[in-house]
Amino acid sequence: VSYDGAKRVAVVQYGTKEFQFPIGSRTFQVTEGTSQKTVTMDTTARIVNNRTLVPLRVVAEQLLNKEVAYRSGAIADTPVNLTGDDALYQNIKTRIGSAVKAQNLEQLKTLLASVQAGADKTGGRDLVTTMEQAAVSESAPAADADSDGGYSQTNTQVAGVDEADIVKTDGKYLYIAGNNTVRIVRADGGKLSEAARIKLESNKYVQEIYLDKDRLVLVGNRQETSGAPDGPIYPMPLVKSILPYYFKSWSFVDVYDITDPNQPTYLKGHEMEGSYQTSRKHDGIVYLITNSNPGGIVMPMVRETQGSVVEGSVKISDVTILPDRFAPGYVVLSAMDVLGDQKTQVEALTAYSHLAYMSENALYLASGDADNQTVITKIKIQGTMMGYAGSGKVAGSLLNQFSMDEYQDHLRVASTTWDKDWVSENALTILDSSMSVTGSVTGLARGETIYSVRFFGDRGYVVTFRQVDPLFVFDLSDPAAPKVTGELKVPGFSNYLHPVGENLILGIGQEIKPLYEQDASGNFVETDRTRQDGIKFSLFDVSDLGQPKEVDKLVVGEENSYTEAFYNHKAVMVDPERGIVALDAYVMEDKTTWQGKQGALVVSYLGEDLKLK
């Protein structure tokens, strides 16, 4: 396929034929050898949002010689009766991507207002259909930090995809974020001295930071206070009658040159109206995820700072409407080049998100709905370019970002579901590149919930918990037929799983001990109730898919011992060369006197032997 800009003609070459679609014409030309014919169609080729579109039905029938049936639109090798086969229709319907680009401000305003008022999904679909049928306008096309192994980096889920943290290091300096300040501290052989401070405005808060070569990247939130607005875009007379001012949130990315860490220099910034959710960094591009629920604002604002401040609203052409995931605001994705000078790109979705997972090729946003399902939206990424690539659904809810994992163009998802009696069970679902379900395992560990998940290659590991710690091992080599191959039950549970060898997994969690009570004879007997004990390190051998084993365990401290690693993987440092893991901890040494210590734990796992170093 190609486009002749001078002639305004879209060209498709297929087999021995060439098809030419003049923009705005109801005819197209077919050329094969020396023969040429003109064919009439019931619509026109057109340009929408700088993209050339030709009729899909014409392409399917005339070019590919396929059969087309219309109810929502199906293309197949043989005729399909969607009217007579409702089951087939519903199956096909779930596989059709229904996202559309917004066409004008009034339609978008009506959509958001209907969601705010609690309009149902059917009304939303009708509105989207109206938008698809609306007249379209034509427009001309618009013109990791290297590591020497001598220092740690943030513990991330995906190799090559960096995650922001409150502390970063390049082996010589520590960069520490807190409130509205970033401290740059020289760490010279253990001797610490402050080299510089980056002090932001009092209403600007650094949530996390990135480090990439000679660039320091700050991400966070900025609060703006203004007088209560008037006008149709801010219909808030009640707010104005109560408060003479209102708060407006912005998420931001600020980039500093730290060629000389003693003198950090501000280079450029990007701000998006809304609240910072999370971010990722890959190949020098920071991907900022902002949740914007502006309460009456139709289009969120965006601000760029590089020498001067340029402010405006998100463009209509950058808004994608997801009919099944209406929200009164947006999830806004910003792709900012922190090493070069590419223009920051923005993509807004009429949705909301509470979890994000990113591979090297795609960003996945997950949000729960009222039907005990999780909707996952896929965004393809290539540098600063982003585009909607489909949505899928899985039953239940997800624990955290590790519940999702992409492998060989498939997404694996672990979830916990509840039945009508609020009894839990668990599932593992695999979706293909178009976000259609290919296979699943359901009904796992009834009455328990997922405590940790990890995927490595074509294997998956899920820990559930109620009173014991079942570790489920999955063979995921066939996306259409995932299966449980082994199960191990041990006391306690693991909140976090980390590979520490080809067939070794380290689990970090808590030990569980049974509670005892006196019987009628005065003897202490074990009950079915338990209590949580100290911080537990477990070493699992998974070389045999059918028989996983706990080869060693180490419990540090007593009840009420705690580490942030229970819920934050960034608090864990693993050094595979020396075979150690380090993490922050509060260790209760004597619960009767409440004597404890706070600091860092360093544990060795060399030789499949766990030792507190």
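**Notebook: L365 and its surroundings**

I started at L365, which touches I289, V331, L333, L349, S353, L355, A356, V375, I376 and T377, leaving aside residues up to four places away in sequence; contact here means heavy atoms within 4.5 Å. I note that this is a predicted model, where local features need pLDDT of at least 70, side-chain atom pairs count only at pLDDT 80 or more, and totals for chains, interfaces and linings use all residues. Numbering runs from 1 along each chain as its sequence is written, and side-chain values use heavy atoms, with hydrogens and water left out.

Next I looked up the core. The largest nonpolar core (buried Ala, Val, Leu, Ile, Met, Phe, Trp, Tyr and Cys joined through side-chain atoms within 4.5 Å; buried is under 20% relative accessible area, 1.4 Å probe, protein chains only) has 31 residues. L365 is among those with the most contacts inside it, along with L333, Y364, I376, M404, L411 and V413. Strand β27 gives the largest share, five residues (strands are DSSP E runs of at least two residues, numbered from the N terminus). Apart from this core I found another, of 23 residues, including V500 and I508.

Then I turned to the sheet. It is open and antiparallel, in the order β26-β27-β28-β29; two strands pair if DSSP finds at least two bridges between them. β26 (355-358) and β29 (385-395) are the edges, each with a single partner strand, so one side of each has no neighbour in the sheet.

Last, I checked one pair: β27 (residues 362-368) and β28 (residues 373-382) are joined antiparallel over seven bridges, and S367 stands opposite V375 in β28.

Key
Helices (H or I, at least four residues) and strands (E, at least two) are DSSP runs, numbered from the N terminus. Buried means under 20% relative accessible area, exposed over 50%, partly exposed in between (1.4 Å probe, protein chains only).
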